[in-house]
Amino acid sequence: MNNPNVLLIMTDQQRPDTLGHLSTTPCRTPNIDSLAAEGVSFQNAYTPCPLCLPSRASLFTGKYPSQNDMLSNQTGYLQTCEMLDHFRNNGYQINYAGKWHMGEGNIADFTDRHAGDSTAIYSQWCLDQGLIDGWMFNDPACRTTRTPSMSIPKVHRQDLPVDKTNEAFVTDFAIDMIKTRVKDKPFFQICAFNGPHPPFMIPEPYFSMYDPADVPTLANFGPQKGEHPAHSESYYRDLFNDHGEDFDAWRTSYAVYWGFVTMIDDFVGKLIDVLNEEQLMEDTIILFTSDHGENLGSHGLWQKMVAFDESIRVPLVLRVPGKMHVGRSQKPVSLIDVAPTLAELCGLPTGEWMGQYLFSGDQSDPEHPAIFAMHRPIGDWMKVTDWRMVQEGGFKYVWHNGMEGELFDLNSDSAEIRNLVKKPTHQAILGSMRLKLDQFLCETNDPLLSVWKAQFEKTHVAN
């Protein structure tokens with residue numbers, strides 16, 4: 001298959017346990033499941049940063065946020081977009097529908113056509129039709145009265161036809177771009193949804209699709225005994241406390257979150273339909289993923305931005321025509337692996353990526369290669385500090401700048417409740433993980449390298 005088309009579908013803030021084919025929760029995603037049945041579902045996929053802009057920049061550049069100065073969700077501005085530039089330079093038409101969030105006003109620099117990226121235009125589109133403003137973030141009922149005003153776990157039934165939701169708005173642009181593509185060249189089509197990022201405001205039948213009573217109790221719900229101060233003092237603990245420790249309220253949030261995912265899955269079905277109608281399914285690689293996860297009350301936290309699996313694990317499904325790769329992969333992978341993988345599958349020259357080809361190595365090994373992640377606080381109001389993470393061999397180590405670290409044995413503690421960083425029995429593992437993180441920070445010339453070195457050398461000598 002020479003120069004196949006690419007359809008990249010990306011959601012925002014979707015946990016992998018929402019995928020129906022994994023049978024982890026009651027959430028149903030038949031259309032994404034159909035892609036997994038004909039492709040590969042990566043069970044251990046991670047984001048390099050559990051925050052929208054840095055994560056997306058990593059996927060579209062094949063580099064870590066610390067390498068391309070894209071750690072800020074407010075001021076990050078993509079100067080180069082290695083993946084899209086690489087495909088366009090090799091003859092692809094680049095079409096982008098939906099959420100961009102990698103700088104204001106620069107999407108046209110990297111695409112041939114774009115639409116649906118402006119939420120203001122969507123809001124006006126709704127109002128012009130005599131509808132409510134469908135952009136949920138504009139509804140004060142969906143936001144906290146704290147400063148800054150962030151979305152909260154409270155749910156709302158949206159008085160809007162399904163085909164007028166923002167997800168429909170974005171899908172329609174993607175469908176039109178596929179139908180009106182340049183026919184004599186391959187296309188790279190992105191469809192980037194804003195959901196299921198909160199607020200959880202969706203229309204029927206999705207709002208009432210799942211019974212809150214079916215939400216299982218979480219092993220790590222709520223504040224944990226002896227937890228790290230980065231979590232107990234966080235702004236997102238404040239928002240958790242505002243919603244309360246009554247898990248029944250959180251069950252409702254989960255149920256509507258699942259409904260949101262299923263609604264998006266139905267729009268994924270519409271994208272699959274148009275590929276079939278245009279007779280493109282056997283000429284198009286389809287990749288489905290999300291930028292990061294959602295804590296949803298785990299560890300007593302709301303939103304993302306921490307190194308717990310609920311926050312950094314993402315769904316990743318890849319369908320290659322001809323059933324070249326089928327099954328479930330246990331290999332740890334990262335969103336920075338997307339760029340080199342798509343380039344390889346499309347027969348393009350090798351680019352300058354940090355990521356690796358997804359299908360290299362042992363797909364059954366759940367422990368290698370090492371996974372890295374990072375985060376820079378959005379502002380002092382978060383009441384947390386920068387962190388860097390390495391995960392390998394069933395262990396996860398998190399360095400918190402200026403604070404004690406965290407070490408988890410994921411084999412015996414998948415809920416990440418017991419911090420082993422002070423345990424005498426785990427000091428050798430701790431030292432090994434620190435060395436691994438040190439190598440990574442040096443290799444990527446991390447902006448906190450000198451700060452890390454000062455703290456690392458002190459703790460390394462002590463241990």
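Trainee: How many bridges join strand β16 to β17?
Mentor: This is a predicted model. Strand β16 covers residues 395–400. The strands β16 and β17 run antiparallel, and the bridges that join them number 4.

Trainee: Which residue is the bridge partner of Val398 in β17?
Mentor: β16 and β17 are joined by bridges. Look across from Val398 into β17: the bridge partner is Glu406.

Trainee: What is the strand order of the open sheet of 4 strands?
Mentor: Pairing in this sheet is antiparallel. β14 (371–375) and β17 (406–409) stand at the edges, each with a single partner strand, so one side of each has no neighbour in the sheet. From one strand to the next, the twist averages 10 degrees. The order is β14-β15-β16-β17.

Trainee: What angle does the direction of helix α11 make with that of β15?
Mentor: Helix α11 spans residues 427–443 and packs on the sheet. It touches β14, β15 (387–392), β16 and β17. Its direction and that of β15 make about 115 degrees.

Trainee: How many disulfides does the count come to?
Mentor: A disulfide needs two cysteine sulfur atoms within 2.5 Å. For Cys52, the nearest cysteine sulfur is that of Cys49, 9.5 Å away, and Cys52 is in no disulfide. The count comes to 0.

Trainee: Is Cys52 buried or exposed?
Mentor: The cut-off for buried is under 20% relative accessible area. Cys52 has 3% relative accessibility, so this residue counts as buried.

Trainee: What is the relative accessible area of Cys442?
Mentor: Partly exposed lies between the 20% and 50% cut-offs. Cys442 falls in that class, because its relative accessible area is 35%.

Trainee: Are helices α2 and α3 roughly parallel or roughly antiparallel?
Mentor: Helix α2 (residues 52–61) and helix α3 (residues 82–89) pack with their axes 5 Å apart. The angle is about 30 degrees. Angles under 35 degrees count as roughly parallel, so α2 to α3 is roughly parallel.

Trainee: How many residues of the contact of α2 with α3 are nonpolar?
Mentor: Leu59, Phe60 and Thr61 in α2 meet Glu82, Met83 and Leu84 in α3. The contact has 1 polar and 1 charged residue; the nonpolar ones number 4.

Trainee: How many residues of strand β4 are buried?
Mentor: Strand β4 covers residues 93–98. The rest of the structure largely encloses β4, because the buried residues are 6 of the 6.

Trainee: Which residue in β7 stands opposite Gly98?
Mentor: β4 and strand β7 (residues 187–192) pair in the parallel sense over 6 bridges. Opposite Gly98 stands Ala192.

Trainee: Which residue in β5 stands opposite Asn95?
Mentor: β4 and strand β5 (residues 113–115) run parallel, joined by 3 bridges. Opposite Asn95 stands Arg113.

Terms used. Residues are numbered from 1 along each chain as its sequence is written. This is a predicted model: local features need pLDDT of at least 70, side-chain atom pairs count only at pLDDT 80 or more; totals for chains, interfaces and linings use all residues. Side-chain values use heavy atoms; hydrogens and water are left out. Two strands pair if DSSP finds at least two bridges between them. Helices (H or I, at least four residues) and strands (E, at least two) are DSSP runs, numbered from the N terminus. Axes are lines fitted to C-alpha atoms, for helices over the stretch in contact, and angles run from 0 to 180 degrees between N-to-C directions. Contact means heavy atoms within 4.5 Å. Buried means under 20% relative accessible area, exposed over 50%, partly exposed in between (1.4 Å probe, protein chains only). Angles under 35 degrees count as roughly parallel, over 145 as roughly antiparallel, 65 to 115 as roughly perpendicular and the rest as oblique. Ala, Val, Leu, Ile, Met, Phe, Trp, Tyr, Cys and Pro count as nonpolar, Asp, Glu, Lys and Arg as charged, and the others, Gly among them, as polar.
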